[in-house]
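Trainee: I would like to go through this model one strand at a time. Please show it first.

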Amino acid sequence: GGVGGRGGGGGGGGRIVSQILNGFQPLLIEQDYNHIRNIQYYSKYAVAACGWPIVLYLEPCSALSLGGCCCNPPKVEDSVGATCCHSNERAFLKWTGLSPSDMLFASMVADLERLHYYVVADHKKRKMVIAIRGTMSFQDMATDARQNYVPITEDSTLLVPEGFLMCAKRIIREVRANQKLQRFLKSHEDYGVVFTGHSLGASAGTVATILLSLDKSWTRNVECYCLGPSPCVNRDRSQHLPNDEKKAGWKVFSVAFGDDIVPRMCLHSLFRLRSQALASFRRCSDPARNVLSGFRELKEDCDVKRYQTFDFPHVGRHTIDEGKVPPLVIPGRVFHMLGTPKAYPFCPLCCNPCLRWPLSHSSCSPQVAYDAVIYPADVATFSEIRVTANMFTDHFPHRYVNALNSIRIPHV
């Protein structure tokens, strides 16, 4: 029999840990396999929403097709803030394999609390997919920084960051005001709605999913598939998000890759890391100048030795009361993905590792395969920031999509 995906039993949990440490994909329950398949499927929308830079990186040979001509744009009828040559729309359609008629709406106006997002029709899954772009501008970073915790609704105990809440409300408001989208939903009554995104886009999609689930006038099924989301829900509510009244089950599904810092980064973990770093300076026996020798911008006249003797009285004042400000965690059913890239010969056409070269000269596929495993994880796994060489690079969208595509799910 397979090992239960929730890891509750001691023996089952031990077998999962043993399999992961030995580099084998652990056996999961069928429900979790279905969730992972959906994450793999909708990840293409989350990555495509990042725009032409990411798609160009993943497929360098598509540069000419993404440029196109301003006089011959893709036939996207409803688009706001389109870029020159409509490169973002071209990249989205190329990566997802959709036709221009499947793109219902695209909003590409970057502003405070206003994110890029695409609304497309996925007739294969019978869903209207809303793919939200992650952090890629200064305005997006300002939205990330708005970490005031506020109730998601006036009578709710669920707290979310204010920046994510404002973005989610704006997207819902614009979707409901768009006549074309409303006509599509009316003519496809059996279609559900799926939010997906990476980083900031995943967090905003999560909050939008919760808002629609709490809305009694909303009758459609709504789900969210997240890649590397920021902590955005209460710890005690993370795995008990509102369910559709007609269909019980998880509404939000999140995956974190490796040592990605973003799913671990909330006010509490940042304060703990800060306190640990200051304590390390106090306990360090070597001169602080040696500890900081890696920072080239350190000036010679900077009094760095004071870090060893100064007792940092302000640290005690700048603490967080978890009773008043509860820690936030990544939402929903959480999966942790581990993997290391395989080495492949470089393709002479685009100088990227190619899976099919030199077996086939017909086309280039620069996506790197990973020795990857995935398993269901508790939110406590991401309560501390891991300071490693990969803590930032593990957050890049291409690492998520390459690792997800390398996971082989058995047909049970």
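Trainee: How many bridges join strand β2 to β3?
Mentor: This is a predicted model, in which local features need pLDDT of at least 70, side-chain atom pairs count only at pLDDT 80 or more, and totals for chains, interfaces and linings use all residues. Residues are numbered from 1 along each chain as its sequence is written, and side-chain values use heavy atoms, with hydrogens and water left out. Strands are DSSP runs of E with at least two residues, numbered from the N terminus, and two strands pair if DSSP finds at least two bridges between them. Strand β2 (residues 103-107) runs antiparallel to β3, and the bridges joining them number four.

Trainee: Which residue in β3 does Ser 107 stand opposite?
Mentor: β2 covers residues 103-107, and β3 covers residues 117-122. The partner of Ser 107 in β3 is Tyr 117.

Trainee: Which residue in β4 stands opposite Ala 121?
Mentor: β3 also pairs with strand β4 (residues 127-132), in the antiparallel sense and over six bridges. These two strands form a hairpin with four residues between them, and Arg 126 in the turn has a positive phi of about 55 degrees. Across from Ala 121 in β4 is Met 128.

Trainee: How many of the residues of β3 are buried?
Mentor: Buried means under 20% relative accessible area, with a 1.4 Å probe and protein chains only. In a regular strand the side chains alternate between the two faces of the sheet. Here Tyr 117, Val 119 and Ala 121 on one side are buried, as are Tyr 118, Val 120 and Asp 122 on the other. The count for β3 is six of six.

Trainee: Which helix gives the most to the largest nonpolar core?
Mentor: A nonpolar core is a set of buried Ala, Val, Leu, Ile, Met, Phe, Trp, Tyr and Cys residues joined through side-chain atoms within 4.5 Å. The largest one has 94 residues, and Met 128 is among those with the most contacts inside it. With nine residues, the helix that gives the most to this core is α2 (residues 30-48); helices are DSSP runs of H or I with at least four residues.

Trainee: What is the centre-to-centre distance of the aromatic pair Phe 184 and Tyr 191?
Mentor: Rings of Phe, Tyr and Trp (its six-membered ring) pair if their centres lie within 6.5 Å, and planes over 60 degrees apart count as edge-to-face, under 30 as stacked and the rest as tilted. Phe 184 and Tyr 191 are both buried. Their planes are 85 degrees apart, making the pair edge-to-face, and the centre-to-centre distance is 5.7 Å.

Key. Buried < 20%, exposed > 50% of the residue type's maximum accessible area, 1.4 Å probe, protein only.
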